[in-house]
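Trainee: I would like a close look at a single part of this model, taken slowly and with its surroundings kept in view. Could you go through the packing with me once the structure is up?

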Amino acid sequence: GNLGDSLIISGQWEEAEQRLCQAIAICTETLPPAAGAFSASLAWLCATQNQMEKALQQMSSGQKERFS
């Protein structure tokens, strides 16, 4: 997840999305608050690419994970 955030900063958005998705999948079971944080990063990435529906889905799923 942190790698995904770093890739966002460096402009490598496609790889950032892949890494964030991997981190979310791993953290959903092991560390739900981290999955929520990485979902927020992915939502931001989607929103900057005008993928608003996908961004909203990530925000919704991230909120569920964060407060589980």
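At what angle do helix 2 and helix 3 pack, and how far apart are their axes?

Mentor: Keeping in mind that this is a predicted model, the answer is that helix 2 and helix 3 pack at an angle of about 155 degrees, and their axes are 8 Å apart. Angles over 145 degrees count as roughly antiparallel, and helix 2 and helix 3 are therefore roughly antiparallel to each other. Their crossing is left-handed.

The residues that form this contact can be listed from each side. Helix 2 contributes Trp13, Ala16, Glu17, Leu20, Cys21, Ala23, Ile24, Cys27, Thr28 and Thr30, and these meet Pro32, Ala34, Ala35, Phe38, Ser39, Ser41, Leu42, Leu45 and Thr48 of helix 3. Sorted by character, the residues of the contact between helix 2 and helix 3 comprise 13 nonpolar, 5 polar and 1 charged.

For the setting of this pair, the protein has 4 helices and 0 strands, and read along the sequence its pattern is α-α-α-α. Helix 2 covers residues 13-30, while helix 3 covers residues 32-48.

Helix 1, residues 2-9, has a contact with each member of the pair, and its approach to helix 3 brings the two axes within 10 Å, with a crossing of roughly 25 degrees. Since angles under 35 degrees count as roughly parallel, helix 1 and helix 3 are therefore described as roughly parallel to each other, and the crossing of helix 1 and helix 3 is left-handed. On the helix 1 side the residues are Asn2, Asp5 and Ile8, which meet Phe38, Ser41, Trp44 and Leu45 in helix 3; the residues of this contact divide into 4 nonpolar, 2 polar and 1 charged.

Towards helix 2, the axis of helix 1 comes within 8 Å of its partner's, and the two cross at roughly 165 degrees. Helix 1 and helix 2 are therefore roughly antiparallel to each other, and helix 1 passes helix 2 in a left-handed crossing. Here Leu3, Gly4, Asp5, Leu7 and Ile8 of helix 1 meet Trp13, Glu15, Ala16, Arg19 and Leu20 of helix 2, and the residues of the contact of helix 1 with helix 2 divide into 6 nonpolar, 1 polar and 3 charged.

A few residues beyond these three helices are worth following as well. Gln58 is found in helix 4, and because its relative accessibility is 16%, Gln58 counts as buried. Leaving aside residues up to four places away in sequence, Gln58 touches Ile24, Ser39, Leu42 and Ala43, and of these Ile24, Ser39 and Leu42 also appear among the residues where helix 2 and helix 3 meet. The C-alpha atoms of Gln58 and Trp44 are separated by 9.0 Å, although the two residues are 14 residues apart along the chain. Ser60 also lies in helix 4, but with 35% relative accessibility Ser60 counts as partly exposed; from C-alpha to C-alpha, Ser60 and Ala43 are 9.4 Å apart in space and 17 residues apart in sequence.

The loop between helix 3 and helix 4 holds Asn50, which is exposed, with a relative accessible area of 68%. Asn50 has a positive phi of about 60 degrees although it is not a glycine, and as a background to that value, most residues other than glycine have a negative phi.

As for how much confidence the predictor attaches to these parts, the mean pLDDT of the protein is 89, and 90% of its residues reach 70 or more. Among the elements of the protein, helix 2 has the highest mean pLDDT, 95, and helix 4, residues 52-66, the lowest, 77, which is worth remembering when reading the contacts of Gln58. Across the protein as a whole, buried residues make up 32% of its 68 residues, and of the contacts between residues at least 6 apart in sequence, 39% join residues at least 24 apart.

Notes. Residues are numbered from 1 along each chain as its sequence is written. This is a predicted model: local features need pLDDT of at least 70, side-chain atom pairs count only at pLDDT 80 or more; totals for chains, interfaces and linings use all residues. Side-chain values use heavy atoms; hydrogens and water are left out. Axes are lines fitted to C-alpha atoms, for helices over the stretch in contact, and angles run from 0 to 180 degrees between N-to-C directions. Angles under 35 degrees count as roughly parallel, over 145 as roughly antiparallel, 65 to 115 as roughly perpendicular and the rest as oblique. A crossing is left-handed if the near helix is turned anticlockwise from the far one by less than a right angle, and right-handed if clockwise. Contact means heavy atoms within 4.5 Å. Ala, Val, Leu, Ile, Met, Phe, Trp, Tyr, Cys and Pro count as nonpolar, Asp, Glu, Lys and Arg as charged, and the others, Gly among them, as polar. pLDDT is the predictor's confidence in each residue, from 0 to 100. Buried means under 20% relative accessible area, exposed over 50%, partly exposed in between (1.4 Å probe, protein chains only).
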